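Student: Could you take me through one part of this protein slowly, so that I can follow along on my screen? I would like a single helix and whatever surrounds it.

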Amino acid sequence: ADEFSITPGSLSKFSSQAFEYANPLLDEEQFLQDISDAIDTYKPDDGIPYVLIPTQRETQLIAKHASRFSDRIAIAAPDFEHIEKVSDKGWLAKFADQQGLAVPTTLYPRSNDEMEQHIDKLEMPVVVKIRSGIGGIGLELCHSRADAVSIFADFMQRYELSSEQAPIVQQAVDGQDYCVCAIVENGVATGITTYSSVGKRSSG
């Protein structure tokens with residue numbers, strides 16, 4: 001299932017059926033209705049476990065409206081309140097630092113003026129990122145002070161961000177980029193996979 005009619009998953013030999021739903025960013029209610037209809041349409045009649053596994057930006061929306069679906073299907077997603085916290089990259093960076101985890105040096109400017117005042121505390125390159133972006137959206141690697149200041153201002157305007165929503169700025173870190181996906185139940189990882197990115201994009 002996806003907002004696009006053709007996806008790699010729909011073409012997989014392990015996929016028997018696929019359906020298209022409304023873009024959750026453009027029509028939230030239609031997206032939720034499409035998911036609700038699909039739950040009824042594809043429900044197995046032989047009593048086998050029936051699970052909804054959101055994997056991208058729609059996860060937070062489905063978790064927020066879990067009560068709309070949970071009497072008909074199990075939802076493999078954390079509570080909405082937990083997702084809301086860790087989806088904020090600024091909150092997550094501060095929390096990880098408080099727990100003693102290794103975190104790149106991070107700035108939390110609340111305005112363009114504060115960005116100008118504090119950017120020199122970091123060495124180039126730096127990463128400017130909006131707090132809620134995924135998939136490389138709202139993220140830019142900057143190799144100069146001027147670029148970092150300019151990108152910060154662009155993100156503030158483009159995404160219409162308030163001072164509380166302002167992007168964070170982090171020291172860039174060398175090394176291999178890995179992604180980790182896990183299924184965790186009551187603090188115990190019951191399934192986990194790790195993969196390395198084969199390419200990068202920085203579309204802003």
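Tutor: Happy to; here is a close look at helix 4, followed by the salt bridges and the overall fold.

Two notes before we start. This is a predicted model, in which local features need pLDDT of at least 70 and side-chain atom pairs count only at pLDDT 80 or more, while totals for chains, interfaces and linings use all residues. Residues are numbered from 1 along each chain as its sequence is written, and side-chain values use heavy atoms, with hydrogens and water left out.

Helix 4 covers residues 89-98, and its buried residues are Gly90, Ala93 and Ala96. Buried here means under 20% relative accessible area, exposed means over 50%, and partly exposed is in between (1.4 Å probe, protein chains only). Helices (H or I, at least four residues) and strands (E, at least two) are DSSP runs, numbered from the N terminus. Look down the axis of helix 4 and the buried residues fall within an arc of 135 degrees, so they line one face of the helix; the arc is that of the directions from the helix axis to the C-beta atoms. Among the elements covering these buried residues are strand 3 (106-107) and strand 6 (168-171).

Now the two ends. Aspartate 88 caps the N-terminal end of helix 4, with a side-chain oxygen 2.8 Å from the backbone nitrogen of glycine 90. After helix 4 comes glycine 100, which has a positive phi, near 80 degrees.

Helix 4 also contributes to the surface. Val86, Trp91, Leu92 and Phe95 form a nonpolar patch there, with about 330 Å² of accessible area together (Shrake-Rupley method, 1.4 Å probe; for residues, only the protein chains shown count as cover). Patches are made of residues with over 30% relative accessible area and no salt bridge; like charges are joined within 9 Å, and nonpolar side chains (Val, Leu, Ile, Met, Phe, Trp, Tyr) within 5 Å. The largest share of this patch, 3 residues, comes from helix 4. Phenylalanine 95, which lies in helix 4, is partly exposed at a relative accessible area of 37%.

Back to aspartate 88, which has a second role to show you. Its side chain meets that of arginine 131 in a salt bridge (2.9 Å, N to O), a term that stands for a side-chain nitrogen of Lys or Arg within 4 Å of a carboxyl oxygen of Asp or Glu. Arginine 131 sits in the loop between strand 4 (126-129) and strand 5 (139-142), and aspartate 88 in the loop between helix 3 (80-86) and helix 4, so the pair ties together parts that are 43 residues apart in sequence. Arginine 131 is buried, with a relative accessible area of 16%, whereas aspartate 88 is partly exposed at 23%.

The structure holds 8 salt bridges. One of them joins arginine 68 and glutamate 29 (2.8 Å, N to O). Arginine 68 belongs to the loop between helix 2 (58-64) and strand 2 (74-75), and glutamate 29 to helix 1 (residues 28-41), so this pair links parts that are 39 residues apart in sequence. Elsewhere, Asp40, Asp71 and Arg72 are linked in a network of salt bridges.

Finally, zoom out. The protein has 6 helices and 8 strands, and of its 204 residues, 27% count as buried.

Methods:
Contact means heavy atoms within 4.5 Å. A polar contact is a pair of N or O atoms within 3.5 Å; within protein, one must be able to donate a hydrogen and the other to accept it, and residues adjacent in sequence count only if both atoms are side-chain atoms.
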